[in-house]
Amino acid sequence: MKRTIISALVAGLVMFAASAADNYTVKSVSGKVQYEENGTWKTVTKGMELPSNANVTVGVGANLIVNKAGEKKDVRIKSNSKGTIDSFASASSGGIKVGG
């Protein structure tokens with residue numbers, strides 16, 4: 001019984017660590033920037049963590065800068081953009097500028 005509980009705890013910690021590696025930390029936000037959680041749009045704030053698959057919308061005149069743990073470069077999402085953070089991070093053009 002103890003082994004089962006310990007195994008479950010270890011598996012949970014491994015999954016938590018793996019999911020944390022896929023998060024982006026908000027370094028800067030200005031204007032109306034929102035993310036979708038469980039079908040509801042919520043305001044993005046500086047310092048919060050967003051999953052890489054989070055849908056974000058960056059309003060007109062707004063911008064968002066996020067950084068993935070372990071990465072040296074920031075992901076800058078420009079005004080009037082909508083999509084997942086990963087889609088912006090992997091894009092070579094459009095609403096993103098990668099720089100440090």
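This passage walks through the fold of one protein chain, from its overall layout to a few individual residues.

The structure is a predicted model, and a good place to start is the confidence attached to it. Across the protein chain the pLDDT averages 80, and 70% of the residues score at least 70. Two stretches fall well outside that picture. Over residues 8-20 the pLDDT stays under 50, and the model shows zero contacts beyond four places in sequence for them. Over residues 92-100 the pLDDT is also below 50, but this stretch has 19 contacts in the model beyond near neighbours in sequence. Where pLDDT is low, the predicted coordinates should not be read in detail.

With that caution in place, the overall layout can be described. The protein chain contains two helices and nine strands. Read from the N terminus, the elements follow the order α-β-β-β-β-β-β-β-β-α-β. Of the 100 residues in the protein chain, 29% are buried. The accessible surface amounts to about 6,500 Å², and carbon and sulfur atoms contribute 55% of it. Contacts also reach across the sequence: among those with a separation of 6 or more, 48% link residues 24 or more positions apart.

The strands are best followed through their pairings. Strands of a sheet pair through backbone hydrogen bonds, either parallel or antiparallel. Here, four strands make an open sheet in the order β3-β2-β5-β8, with antiparallel pairing. Its edges are β3 (40-43) and β8 (81-84), each of which pairs on one side only. On average, neighbouring strands of this sheet are turned by 25° against each other, direction ignored.

Within this sheet, β2 is a helpful strand to trace, with partners in β3 and in β5. Four bridges connect β2 and β3 in the antiparallel sense, and E37 lies opposite T40 in β3. The hairpin formed by β2 and β3 has two residues between the strands, and N38 adopts a positive phi near 55° there. Towards β5, β2 is joined by three bridges, again antiparallel. Residue Y35 shows both pairings: its bridge partner in β3 is K42, while in β5 it stands opposite V56.

Another set of pairings centres on β6. Strand β6 (residues 63-68) is mostly covered, with five of its six residues buried. Strand β1 (residues 23-30) runs antiparallel to β6 and is joined to it by six bridges; one of the matched pairs is V29 with L64 in β6. Strand β7 (residues 74-77) is also antiparallel to β6, through three bridges, and V66 has V75 in β7 as its bridge partner. Five residues lie between β6 and β7 in the hairpin that they form, and G70 in the turn has a positive phi of about 90°.

Which residues of the largest nonpolar core touch the most other members? This core has 17 residues, and those with the most contacts to fellow members are V26, V44, L50, V56, L64, V66 and I77. Two or more residues each come from β1, β2 (33-37), β5 (55-58), β6, β7 and α2 (85-90). Of the residues just named, V56 can be followed further. Beyond its neighbours within four places in sequence, V56 is in contact with Q34, Y35, W41, L50, I77, S81, K82, G83, I85 and F88. Both L50 and I77 therefore appear in two roles, as contacts of V56 and among the core residues that touch the most other members.Two further residues round out the picture. N23 sits in strand β1. Is N23 buried or exposed? N23 counts as buried because its relative accessibility is 19%, and the cut-off for buried is under 20%. Leaving out residues up to four places away in sequence, N23 touches E49, L50, P51, S52, N67, K68 and A69. The C-alpha atoms of N23 and A54 are 9.2 Å apart in space, although 31 residues separate them in sequence.

G59, by contrast, is found in a loop, the one between β5 and β6. Apart from residues up to four places away in sequence, G59 touches K32, S79 and N80. Between the C-alpha atoms of G59 and K78 the separation is 8.8 Å, with the two residues 19 apart along the chain.

Definitions and conventions
Residues numbered from 1 in each chain as written. Predicted model: local features only at pLDDT ≥ 70, side-chain atom pairs only at ≥ 80, totals over all residues. Heavy atoms only, no water. Buried < 20%, exposed > 50% of the residue type's maximum accessible area, 1.4 Å probe, protein only. Pairing = 2+ DSSP bridges. Core = buried A, V, L, I, M, F, W, Y, C linked by side-chain atoms within 4.5 Å. Contact = heavy atoms within 4.5 Å. Areas by Shrake-Rupley, 256 points an atom, 1.4 Å probe, with all protein chains shown as cover. Axes fitted to C-alpha atoms, helices over the stretch in contact; angles between N-to-C directions. pLDDT = per-residue confidence, 0-100.
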